[in-house]
Amino acid sequence: MKKGFQIHKHSWLKYLTLLTNSHNMFVPVNNNNIIEYEEYSPELNNLSYFAAKPVTPLKAFLLPIKENVVIEREIHNKNIILGVPACDLKALELLDEIYLDPDHTDTVYNFNRENTILIGSDCYEIQEHCHCVSYNINPWPEVNFDLSLSAINDDFIIFSNSEKGEKLVNEMILNFQLTEAGLDILKKLQEKRNSVKKMLEKKNTRLPDYQHTGALIKKSENDKWEEYSKNCVSCGACAVICPTCTCFLLVDRPDFEKVRQTDACQYLGFERIAAGEDPLKKKYMRFRNRYMCKYVWRPEKYKSIACTGCGRCIDTCIGNINKNEIFIQMASL
């Protein structure tokens, strides 16, 4: 385990208040057992650092549902996102591959990325549909964070992973009682992390891994997808809430306004072209298309995985469709 620093939670809260002088800060809060991001204020008393995941994925801060992509941006508009779970941090690998391609860099995404500080956090509990470990993702930050936050009793353990993170650590050293974490507390932290990982592994024993799932989907028959999709209402919630789905429309408006708006392959007419031709006209085709994209086509084109096991698509489905149950059934055939 890399070098970590230790700070008492009261000092940490004082530092958060200090950061709000220069940044917009969004933190996870628990409202009636629903974890959601809210803008930080010292009066908040329902912060939930180490829950499994907020309802909203990190993607929403970097690729908003609607955004004018031709307006000039102000450099002072800087954000800190606190409490980002490992599944969302891993999802950034695919988003970065797509939007930060050196030959076709998306300047708006790049701006949002550069002007955002990401503070990841461990998951000390699991939700019903969490399955990150099935896709070789641990339930604690390992990639794409600036700082990460863990806890042992009343002390927070902080790890830095970038120049942005180092700057924050140095500020804490200057202004607060920040000390290097000893081997004993790091050992307790790893034991705590491993216990959560074991819970996830036990819960998802029957779920095939990412590569096996792709192979199962690739050889699956159409009649099975008609069965799997019978409760789908084509609402697109699964795609909108997914931390790696990236489809969008560009809408031109007067006064040189160009709006990028989230789109979803589950919508009727998603691939409709001239004369009304539509390769995904039937619902089961659109339903299957999403999983082909996640587990077959994206891995063929990109190095990063396109599902990080957050389970939000299952949580949000109004047709109560559980993709994990589908894949377990496929593996048993």
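This is a short conversation about burial, strand pairing and backbone angles in a predicted model.

Tutor: Local features here need pLDDT of at least 70, side-chain atom pairs count only at pLDDT 80 or more, and totals for chains, interfaces and linings use all residues. Residues are numbered from 1 along each chain as its sequence is written, and side-chain values use heavy atoms, with hydrogens and water left out.

Student: Why is N33 called exposed?

Tutor: Exposed means over 50% relative accessible area, buried means under 20%, and partly exposed lies in between (1.4 Å probe, protein chains only). N33 has a relative accessible area of 71%, so it is exposed.

Student: Why is N144 called partly exposed?

Tutor: The relative accessible area of N144 is 22%, which falls between the two cut-offs, so N144 is partly exposed.

Student: What makes strand 8 largely enclosed by the rest of the structure?

Tutor: Strands (E, at least two residues) and helices (H or I, at least four) are DSSP runs, numbered from the N terminus. In strand 8, residues 155–160, five of the six residues are buried, so the rest of the structure largely encloses this strand.

Student: How do you know that strand 7 and strand 8 pair?

Tutor: Two strands pair if DSSP finds at least two bridges between them. Strand 7 (residues 147–152) and strand 8 have six bridges in the antiparallel sense, so they satisfy that definition. Strand 1 (residues 5–8) also pairs with strand 8 in the antiparallel sense, over four bridges.

Student: Which residue of strand 8 is the bridge partner of H8?

Tutor: The bridge partner of H8 is D155, and I152 stands opposite D155 as well.
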